[in-house]
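Please look through the sequence and the model shown here before reading on. The paragraphs that follow lead from one loop residue into the strands around it, and then outward to rings, cysteines and backbone angles.

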Amino acid sequence: MLRWAMAVVVGMVVVGQSGLWAAEGQKKRIVFLVGRQSHGWGGHAYGADCAILAKALNENVTGVEAVVLAGWPREAKVLEGVAAIVIACDGNGLIGGKANYEVMEVLAKKGVGIGFVHYSLDVGNDFGKHLLGWIGGYYEQHWSVNPSWKAAFKSLPEHPVARGVRPFAIDDEWYYHMRFAEAMKGVTPILSAVPPEGTRKGPDGAHSGNATVRARVGMAEPVGWVYERADGGRGF
């Protein structure tokens, strides 16, 4: 899983718009923006999770410098010149209001790679349109669901970020039935699995279930994907 996580982050950086290429001898900067830990001991430990991933990147991938920052930067200039940004937080608990989304929009238009991890995909339906443009999908309330189940990834597609990753299974809170870009344009599912029928039995609600998701019994659902934006930028 760590190998895939490293590959998908680097995949946002290695190939991009010409303006993102670091000058000779300089490293491309990857910034992890993390929210507070929640859900009890070990739960949603974004700081620890991203610190492990940043350390692995810095020790094993030449040409990048990964740093972890707690919360949204007080000064937007901290994000100037970055090659990629990874958001890890509870819901919309980090980016905040419209002004900060506009900052992210400017960065996306410059070709900055953008990734959202786990609960950060549930920014509320009002801000979901931004994630559709940056990463090709998001958690839409009353459409997507977030049950815990053991997902078995029996095969992976031929894609650079899946290279060297073997089939595996993990019991976790896997979000699925996400709202993706129309016709999945630009979206490449990397991790897909068939959820157990029991995960579809929740009552109607913003996170528990809906008639559409209950009708998809036996269908594989993407829970991890990469995205190529029309302007050449990337996301996951």
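**From a loop into the sheet**

In this predicted model, Leu 94 has its place in the loop between E3 and H3. Although it belongs to a loop, Leu 94 is buried, with a relative accessible area of 8%, a value that falls under the 20% limit used for that term. The C-alpha atoms of Leu 94 and Gly 35 are separated by 5.9 Å, while the two residues are 59 apart along the chain. Leaving aside residues up to four places away in sequence, Leu 94 touches Leu 33, Val 34 and Gly 35, then Gly 71 and Trp 72, and finally Ile 87, Ala 88 and Cys 89.

Two of those contacts, Ile 87 and Ala 88, lead into strand E3, and here one may ask how many of the five residues of strand E3 are buried. Five of the five residues, 84–88, are buried, and the strand is therefore largely enclosed by the rest of the structure. The cover extends to both faces of E3, since Ala 84, Val 86 and Ala 88 are buried on one side and Ile 85 and Ile 87 are buried on the other.

Strand E3 has pairing partners in E1 and in E4. Strand E1, which spans residues 28–34, pairs with E3 in the parallel sense over five bridges, and within this pairing Phe 32 stands opposite Val 86 of E3. Strand E4, residues 113–117, likewise pairs with E3 in the parallel sense over five bridges, with Ala 84 opposite Gly 113 of E4. Between E3 and E4 the chain passes through helix H3, residues 98–109, and the three elements together make a right-handed β-α-β unit.

**Aromatic pairs and a charge over a ring**

A search of the whole structure finds eight aromatic pairs. One of them joins Tyr 101 and Phe 127, whose rings are stacked, at 4.1 Å centre to centre and with 5° between the planes. Because Tyr 101 lies in helix H3 and Phe 127 in the loop between E4 and helix H4 (128–135), this pair ties together parts that are 26 residues apart in sequence. Tyr 101 is itself buried, with a relative accessible area of 1%.

Another pair, that of Trp 149 and Tyr 176, is edge-to-face, with 5.8 Å from centre to centre and 80° between the planes. Trp 149 lies in strand E6 (residues 148–153), whereas Tyr 176 lies in the loop between strand E7 (168–173) and strand E8 (179–180), so that the pair ties together parts 27 residues apart in sequence. Trp 149 counts as buried at 3% relative accessibility, and Tyr 176 is also buried, with a relative accessible area of 0%.

Tyr 101 and Phe 127 also belong to one aromatic cluster, in which they are joined by Phe 116 and Trp 134. Elsewhere, a charged side chain meets a ring: Arg 179 lies over the face of Trp 143, at 4.0 Å from the ring centre.

**Cysteines without a disulfide**

How many disulfides does the count come to? The count comes to zero. Cys 50 is in no disulfide, and the nearest cysteine sulfur, which belongs to Cys 89, is 10.0 Å away; a disulfide would require the two sulfur atoms to be within 2.5 Å. Cys 89, one of the residues that Leu 94 touches, is also buried, at 2% relative accessibility, and Cys 50 counts as buried at 6%.

**Positive phi in two loops**

The last two residues to visit are described by their backbone angles. His 142, found in the loop between strand E5 (137–138) and E6, has a positive phi of about 75° although it is not a glycine. Is His 142 buried or exposed? With a relative accessible area of 53%, His 142 is exposed, as this value is over the 50% limit for that term.

Ala 183 is found in the loop between E8 and strand E9 (187–193), and its phi is near 60°, which is again a positive value in a residue other than glycine. Ala 183 is exposed, with a relative accessible area of 75%.

Terms used
Residues numbered from 1 in each chain as written. Predicted model: local features only at pLDDT ≥ 70, side-chain atom pairs only at ≥ 80, totals over all residues. Heavy atoms only, no water. Buried < 20%, exposed > 50% of the residue type's maximum accessible area, 1.4 Å probe, protein only. Helix = DSSP H or I, 4+ residues; strand = E, 2+ residues; numbered from the N terminus. Pairing = 2+ DSSP bridges. Right-handed = clockwise from strand over helix to strand, strands pointing away. Phe/Tyr/Trp six-rings, centres within 6.5 Å; stacked < 30°, edge-to-face > 60°. Lys NZ or Arg CZ within 6 Å of the ring centre and 35° of its normal. Contact = heavy atoms within 4.5 Å.
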